[in-house]
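Me: I am new to protein structures, and I would like a slow, close look at one part of this one. Please take the surroundings of the ligand, and explain each term as you go.

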Amino acid sequence: MWLHFLAPTQAAALIVAFGLIVQGVSVWKLRHAIKWPRLVPFLIGGAIGVPIGGELLRWTPPRNLRIAVGAILVLFSLYNLIRPNLASAARAGVIADGAVGVANGVIGGATGLAGIAAVIWCSLRGWPPAEQRAVFQPSGVAVFAITALWLGGTGMISANTLTLFFIGLPVLAVGTWARLKLFGKLDDQAFRRGSANLAAVVGPQPARPGPIMPVSYSGRMHAKDSFPLALDQGIARPYVRTVGPKRSRPAFPRRSPKHCTSPAHRAKGLWRNLSDCKSQPGGGLENPMPDVTLFGFPRSVYVQMAGIVLTHKEVAYTFHDLEAEMNTPSHIALHPFERVPILQHGDFVVYETAAIVGYIDNAFDGPKLTPADPRQRARMNQWISAVNGYYYPNLIYHVSHERNVFPQLGIPSDEKVVAHAIPKVEVCLQVLERELLDSGQFLLGPELSLADFYMLPIIHAFGFAPEALTMYPKHQAIYAWRDRMEALPALKRFRAAQPPRAPIEHARRWVEGHRPKY
Ligand SMILES: N[C@@H](CCC(=O)N[C@@H](CS)C(=O)NCC(=O)O)C(=O)O
């Protein structure tokens with residue numbers, strides 16, 4: 001609408017000036033999160049694109065520019081509304097980033113709408129939201145700055161425009177104060193969930209007359225992060241089955257699982273554990289065409305827990321490898337805390353491994369893995385909790401990540417992290433050894449339980465760390481238990497179905513995201 005009151009050059013100049021102030025403050029606040037090698041292609045592209053856009057602004061008839069700006073805004077709004085499932089650009093490189101920078105610059109220079117191309121692109125790149133923001137916001141500010149220089153240097157800023165700028169300043173101050181108050185106090189999760197709404201409130205400040213950066217804030221990643229929207233990510237169509245004692249009502253509508261049926265998707269990491277399953281009803285396989293999907297990445301110990309329990313219960317399932325989607329909207333739609341695994345059974349989706357394996361045990365036939373006896377059940381839950389609270393953090397999060405996951409990505413181990421954990425790993429192994437000596441065959445005694453399936457992937461994964469070479473031989477009961485577990489038919493089937501241990505690519509982000517610091 002502002003284009004109907006102002007000439008396009010005035011509008012662009014004001015957007016740029018106000019945007020520079022407002023976004024400059026935000027970028028200053030997130031300066032420590034900026035990864036320069038990632039940002040530079042966008043900056044170079046922006047520097048190339050702005051003069052092209054600036055000259056378009058000078059030579060294009062105002063009417064055409066109005067139409068172009070309107071079209072861009074409508075298309076971007078439609079994009080946010082429809083949220084088309086565009087191909088992932090996770091593997092794109094700096095040249096593509098630079099090209100997006102050029103597009104950002106051209107659009108910014110011509111219209112002042114500096115952030116749109118980068119916002120969309122960053123979400124396709126699959127970076128975590130905070131990292132996306134650390135790219136699209138500084139590149140938007142850079143485009144604002146270059147555009148300001150270009151417009152000023154080429155004489156496109158008139159005295160009238162300056163007057164309008166000073167009139168707008170007080171309103172800008174109030175809007176900026178409100179925004180900092182709101183965003184400054186929110187953590188990242190809350191920021192992302194709430195930003196669509198917050199942006200709607202603080203976005204239309206006169207300081208930012210159009211949805212240039214407000215749209216950037218509430219762009220694809222934010223809009224899709226809001227929970228009800230995020231669920232609608234093409235997960236599955238309502239599909240009522242009669243498996244299990246209780247059927248949960250569909251909580252929300254879903255789309256058809258096209259990713260589960262296309263050969264291309266399967267080649268990307270989907271597989272099924274059908275080969276060894278009996279196909280008659282009541283034999284543990286409830287349906288020869290599985291409507292159970294396990295989402296995760298194969299090397300996750302938690303995903304393995306769920307996979308092994310499914311295999312042991314002879315539940316046919318499809319595995320959907322989320323590696324390339326981790327931390328993207330399609331992942332967050334499944335797991336708002338950005339973890340794996342997630343289980344989908346028909347129209348029912350559940351995350352958190354304890355909930356998943358409990359559900360599998362209850363909803364499907366096959367050997368019961370949850371003891372009926374209250375004390376045994378308490379003991380099982382004690383183990384599950386101990387794995388979550390002590391075994392996973394020390395053996396995996398501290399040691400395995402430093403010894404296997406990071407080095408496989410060319411990232412050196414942090415010895416301080418390992419050193420901090422080793423005494424605690426000793427305690428974990430001693431406790432496990434003692435309890436196994438007491439209990440005999442399995443963690444709760446002669447019967448297998450979910451506790452064993454919770455512990456096994458941890459002990460297995462830690463076994464790849466060099467520390468295990470000296471620590472494991474001191475614990476003969478653990479060795480014997482592990483051999484017993486690995487000898488189970490389910491484990492043999494599960495291991496045979498696993499892909500090779502490839503590096504966990506998205507773990508590069510863990511270095512900054514959640515590596516312990518000592
Ligand atoms: N509390 C969760 C923990 C799951 C978890 O930590 N999963 C790890 C993999 S083993 C994960 O999703 N990591 C991905 C990431 O942090 O990016 C559960 O029980 O399912």
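Reply: Happy to help; this answer begins at the ligand, moves to the loops and strands, and ends with the whole chain. What you have here is a predicted model, in which local features need pLDDT of at least 70 and side-chain atom pairs count only at pLDDT 80 or more, while totals for chains, interfaces and linings use all residues. Residue numbers start from 1 along each chain, as its sequence is written.

Let us find the shell first. A residue counts as near the ligand if its C-beta atom, placed from the backbone, lies within 6 Å of it. The residues that surround the ligand are Ser300, Val301, Tyr302, Met326, Arg339, Val340, Glu352, Thr353 and Ala354. Sorted by class, the shell holds 5 nonpolar, 2 polar and 2 charged residues. In that sorting, Ala, Val, Leu, Ile, Met, Phe, Trp, Tyr, Cys and Pro are nonpolar, Asp, Glu, Lys and Arg are charged, and the others, Gly among them, are polar. At least two residues of this shell come from helix H15 (301-312), and at least two from helix H17 (353-363). Helices (H or I, at least four residues) and strands (E, at least two) are DSSP runs, numbered from the N terminus.

Now pause at Glu352, which belongs to the shell. Glu352 sits in the loop between strand E5 (348-351) and H17. Its phi is positive, about 85°, although Glu352 is not a glycine. Why is that worth a second look? Because most residues other than glycine have a negative phi, and most peptide bonds are trans. Glu352 is partly exposed because 17 other C-beta atoms lie within 10 Å. The cut-offs are simple: 20 or more other C-beta atoms within 10 Å of a residue's own make it buried, 12 or fewer make it exposed, and anything in between is partly exposed, with C-beta atoms placed from the backbone.

Val340 is another member of the shell. A cis peptide bond links Val340 to Pro341, with omega about 5°. You can find Pro341 in the loop between helix H16 (329-334) and strand E4 (342-345).

Met326 belongs to the shell too, and a short step along the chain brings us to Asn327. Asn327 is not a glycine, yet its phi is positive, near 70°. It lies in the loop between strand E3 (318-321) and H16. Is Asn327 buried or exposed? It is buried, since 20 other C-beta atoms lie within 10 Å.

Next, the strands that border these loops. E4 and E5 run antiparallel and are joined by 4 bridges. Two strands are said to pair if DSSP finds at least two bridges between them. Within this pair, His345 faces Phe348 in E5. The two strands make a hairpin with 2 residues between them, and Gly346 in the turn has a positive phi of about 60°.

E3 has a partner as well: strand E2 (residues 292-296) runs parallel to E3, with 4 bridges joining them. Across this pairing, Phe295 stands opposite His320 in E3. In a regular strand the side chains alternate between the two faces of the sheet. Look for this in E3, where Thr318 and His320 point one way while Phe319 and Asp321 point the other way, and all are buried.

One more loop is worth finding. Gln498 sits between helix H23 (489-497) and helix H24 (510-513). Along the sequence, Gln498 and Pro298 are 200 residues apart, yet in space their C-alpha atoms are separated by 7.3 Å. Gln498 has 13 C-beta neighbours inside 10 Å, so it counts as partly exposed.

Finally, step back to the whole protein. It has 24 helices and 5 strands, and 44% of its 518 residues count as buried. Two residues are in contact if their C-beta atoms, placed from the backbone, lie within 7 Å. Among contacts between residues at least 6 apart in sequence, 78% join residues at least 24 apart. To retrace the tour, begin again at the ligand with Glu352 and Val340, two of the residues around it.
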